[in-house]
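I opened a fresh page for this one and went through the strands, the core and the charged pairs in turn. Here are my notes, with the structure alongside for anyone who wants to follow.

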Amino acid sequence: MRIDKFLWCVRLCKSRSIATDECAVGRVRIGDREVKASAEVRVGDVFSVRQPPIWRSFEVLALPTSRVGAKLVPGLIADRTSWEDLEKQETARKVKAAQRDPGAGRPTKRDRRDMDRFTSEE
């Protein structure tokens, strides 16, 4: 099975075109080599996907015939990423969330209540 189709089938990428793009820019490796989207993946292969700031490693346990539900993914791939890397990724996620500027993005529940109070006082 092609690696881009496999990434899409096991829900590591939202669409097959995104999986193809990930391969094109060098964010997917089988073993220690970067691969094209057309590279074949087999049972027993270990592949890595770049999820900044780390490389997540997975082992292929089985090949799906088509895209599978999220509950079936653990039967197809096994996560081989080290705990240190997962902790590093979680720390980076927390730092990014803490740097959010107040008022940036979607209003919070408190912001919406303040806006409602302001507009209803007229």
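**Strand pairing.** I began with E4 and strand E5 (residues 77-79), which pair in the antiparallel sense over three bridges. I noted before going further that this is a predicted model. For a register mark between these two strands, I took glutamate 59, whose bridge partner in E5 is alanine 78.

On to E3, which also pairs with E4 in the antiparallel sense, over six bridges. The register mark I wrote down here is valine 49, bridged to arginine 56 in E4. I then checked how covered E4 is: five of its seven residues are buried, so I have it down as mostly covered.

**The turn between E3 and E4.** I followed the chain from E3 into E4 and found a hairpin that joins them through two residues. Which peptide bond is cis? I found that the bond from proline 52 to proline 53 is, with omega near 10 degrees. Proline 53 sits in the loop between strand E3 (46-51) and strand E4 (54-60).

**Arginine 56.** This residue of strand E4 kept turning up, so I gave it an entry of its own, and I asked: is arginine 56 buried or exposed? It is buried, with a relative accessible area of 16%, because buried means under 20%.

I looked up its charged partner next and found aspartate 79, with the closest N and O atoms of the salt bridge 2.5 Å apart. Since aspartate 79 lies in strand E5 and arginine 56 in strand E4, the pair ties together parts that are 23 residues apart in sequence. Aspartate 79 itself is partly exposed, at a relative accessible area of 36%.

I also found a polar contact of 3.3 Å between the side chains of arginine 56 and glutamine 51. Setting aside neighbours within four places in sequence, I listed the contacts of arginine 56, among them Phe47, Ser48, Thr81, Leu86 and Gln89.

**The core.** I turned to the largest nonpolar core, which has 23 residues; Ile3, Phe6, Leu7, Phe47 and Ile77 touch the most other members. H1, H2, strand E1 (28-30), E3 and E4 each supply at least two residues of this core, and the largest share, four residues, comes from H1. I picked leucine 7 for a closer look: not counting residues up to four places away in sequence, leucine 7 touches Leu12, Cys13, Ala19, Cys23, Val28, Phe47 and Val49.

**A backbone oddity.** I flagged arginine 11 for its phi near 65 degrees, a positive value in a residue other than glycine. Arginine 11 is in the loop between helix H1 (3-9) and helix H2 (16-24) and is partly exposed, with a relative accessible area of 40%.

**Other salt bridges.** How many salt bridges does the structure hold? I have seven in my notes. One of them joins arginine 27 and glutamate 22 at 3.1 Å, N to O. Here glutamate 22 is buried at 16% relative accessible area, whereas arginine 27 counts as partly exposed at 36%.

Another links glutamate 90 and arginine 93, with the closest N and O atoms 2.9 Å apart. These two are separated by about one helical turn because they are three residues apart in helix H3 (residues 83-98). I have both ends down as partly exposed: glutamate 90 at 34% and arginine 93 at 47%. My last entry is a network, in which salt bridges that share partners join Arg2, Asp4 and Arg16.

Terms used
Residues are numbered from 1 along each chain as its sequence is written. This is a predicted model: local features need pLDDT of at least 70, side-chain atom pairs count only at pLDDT 80 or more; totals for chains, interfaces and linings use all residues. Side-chain values use heavy atoms; hydrogens and water are left out. Buried means under 20% relative accessible area, exposed over 50%, partly exposed in between (1.4 Å probe, protein chains only). A polar contact is a pair of N or O atoms within 3.5 Å; within protein, one must be able to donate a hydrogen and the other to accept it, and residues adjacent in sequence count only if both atoms are side-chain atoms. Contact means heavy atoms within 4.5 Å. A nonpolar core is a set of buried Ala, Val, Leu, Ile, Met, Phe, Trp, Tyr and Cys residues joined through side-chain atoms within 4.5 Å. Two strands pair if DSSP finds at least two bridges between them. A salt bridge is a side-chain nitrogen of Lys or Arg within 4 Å of a carboxyl oxygen of Asp or Glu.
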